[in-house]
Amino acid sequence: MKAAVCREFRAPLRFEDVALSAPEANSILVRVAACAICHSDLIYIDGGWGGELPAVFGHEASGIVERIGPEVIGFAPGDRVVITMLRSCGECPCCVAGLRGSCEADFPLARRSPLTDPAGTPIGQGMKTATFAERAVVHPSQLVKIGDSVPFDVASLLACGVITGYGAVVNTARMPPGADVAVIGTGGVGVNSVQAAAIEGARRIIAVDVSDEKLAAAEQFGATHRVRAGETLGQTVRAITGGRGVDYVFVTAGAKAAIDGCLELLAPGGTAVLVGIPASGVLSSYDPGTLASASQRILGSKMGASDIRVDIPRLIELYRAKTLKLDDLITGSFAFEDINAALDTARRGQGLRNVVTFGDRAA
Ligand SMILES: [Zn+2]
Ligand SMILES: [Zn+2]
């Protein structure tokens, strides 16, 4: 099968014929239909998290189950699925505590990549998924069935960007109705924090970004105020909130905002949520005295602290009820052959989500 292989950081992906091993016990072979470009793909491809090459990245995908390995229950060939990087055992202390994204179990797929080049040399399965390829072999816990009501390109967004932004508000922050909120960085992830805050009944939702295009998008997704990021951000947010500051600040990984900058926006008792994971080596500083005396909190949120079996069906229901916007998140569509153009578009910060589709499988 064809895969877009990363052999060198900061270089275009190369189309290669690679071998994908048949699904072994507790694994499933999925034919990929659509894969969105996520900021995390760019961080990996550009070397921001290191790691071994060659590898195939791509982790925000949808497709059709083609073959199931032994011992798989609950899936059958032909099932339409969302494909995620969240591989979980359901039994370790993290899974039991509801933190499936931090599962500590050991999986055979983690020890031996299902991908090899024609000479038999292993190719890494980036982010446990590797869906910049025509097919992928994953653990059943990484899949959620979606039925027939969601197009593949829209469904792919549920695998990462949507659950990350939405889950930060609903699962991590457990934001109550009536809260004042700022979202720093309103691209393909942050805009989902904006719409989650709106759905959950936030009072003021202040979108902060350097891009007028992204600020305009945030308003479509429910932001009540827009502020261009800059030195007077703290003053501007305080002016909007009558001097008090906001109850929640959601900072996306792409926003490059330091914690000290976002704590300045917080009201007493307020919470800063780190939505997503910046490149290695990014450090922040804050004044612990101020944090403690104002009873403020900083929360990390990996993949929206999602349980995909619960959250993805719920998001599909909200989408079908026209409460959750997904179609409008797709601002660029590319054929698989043009994946490097899709990556460059995302790298330039253009649009919300750029989606790659395979053959005629977008619908
Ligand atoms: Zn992602
Ligand atoms: Zn686990």
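These are my notebook entries on a predicted model, covering its domains, its zinc site, its salt bridges and two points of backbone geometry.

**Entry 1: domains.** I began with the domain assignment, which gives domain 1 as 2–158 + 326–357 and domain 2 as 165–302. I then looked up how far apart the two sit, and found that the C-alpha centres of domain 1 and domain 2 lie 29 Å apart. For the contact between them I noted 13 residues of domain 1 against 16 residues of domain 2.

**Entry 2: the interface.** Interface size is often expressed as the accessible area lost when the parts come together, so I looked up that quantity next. Domain 1 and domain 2 bury about 1,100 Å² between them, and 59% of this falls on carbon and sulfur atoms. On the side of domain 1, I found that Trp49, Leu329 and Leu352 lose the most area to domain 2, together making up 40% of what that side buries. Which classes of residue does domain 1 turn towards domain 2? I recorded 4 nonpolar, 7 polar and 2 charged residues on the side of domain 1 that touches domain 2. I also searched for specific pairings across this interface, where the rule returned 0 salt bridges but 3 residue pairs in polar contact, both partners being at pLDDT 80 or more.

**Entry 3: the zinc site.** Which protein atoms serve as donors to the zinc ion (ligand 1)? I listed Cys38 (SG), His59 (NE2) and Cys160 (SG), which lie 2.0 to 2.2 Å from the zinc ion. In sequence, the spacing of these donor residues reads C-x20-H-x100-C. I placed Cys38 in the loop between β4 (28–36) and α1 (39–45), and His59 in the loop between β5 (55–56) and β6 (60–68), so this pair ties together parts that are 21 residues apart in sequence.

**Entry 4: salt bridges.** Searching the whole structure, I obtained 19 salt bridges. One that I followed up joins Arg31 to Glu66, with the closest N and O atoms 3.1 Å apart. Arg31 belongs to strand β4 and Glu66 to strand β6, and the pair links distant parts of the chain, 35 residues apart.

**Entry 5: backbone geometry.** Where does a cis peptide bond occur? I found one from Leu53 to Pro54, with omega near 0 degrees, and I located Pro54 in the loop between α1 and β5. I also noted Arg174, which has a positive phi of about 45 degrees although it is not a glycine. Arg174 lies in the loop between α5 (161–172) and β12 (181–184).

How values were computed: Residues are numbered from 1 along each chain as its sequence is written. Chains are lettered from A and ligands numbered from 1 in the order in which they are written. This is a predicted model: local features need pLDDT of at least 70, side-chain atom pairs count only at pLDDT 80 or more; totals for chains, interfaces and linings use all residues. Side-chain values use heavy atoms; hydrogens and water are left out. Domain bounds come from an automatic or database domain assignment. Contact means heavy atoms within 4.5 Å. Buried area is the accessible area (1.4 Å probe) that two parts lose on being put together, summed over both. A salt bridge is a side-chain nitrogen of Lys or Arg within 4 Å of a carboxyl oxygen of Asp or Glu. A polar contact is a pair of N or O atoms within 3.5 Å; within protein, one must be able to donate a hydrogen and the other to accept it, and residues adjacent in sequence count only if both atoms are side-chain atoms. Ala, Val, Leu, Ile, Met, Phe, Trp, Tyr, Cys and Pro count as nonpolar, Asp, Glu, Lys and Arg as charged, and the others, Gly among them, as polar. Donors are N, O and S atoms within 2.8 Å of the metal (3.2 Å for Na, K and Ca); water is not among the atoms, so sites may look incomplete. Helices (H or I, at least four residues) and strands (E, at least two) are DSSP runs, numbered from the N terminus.
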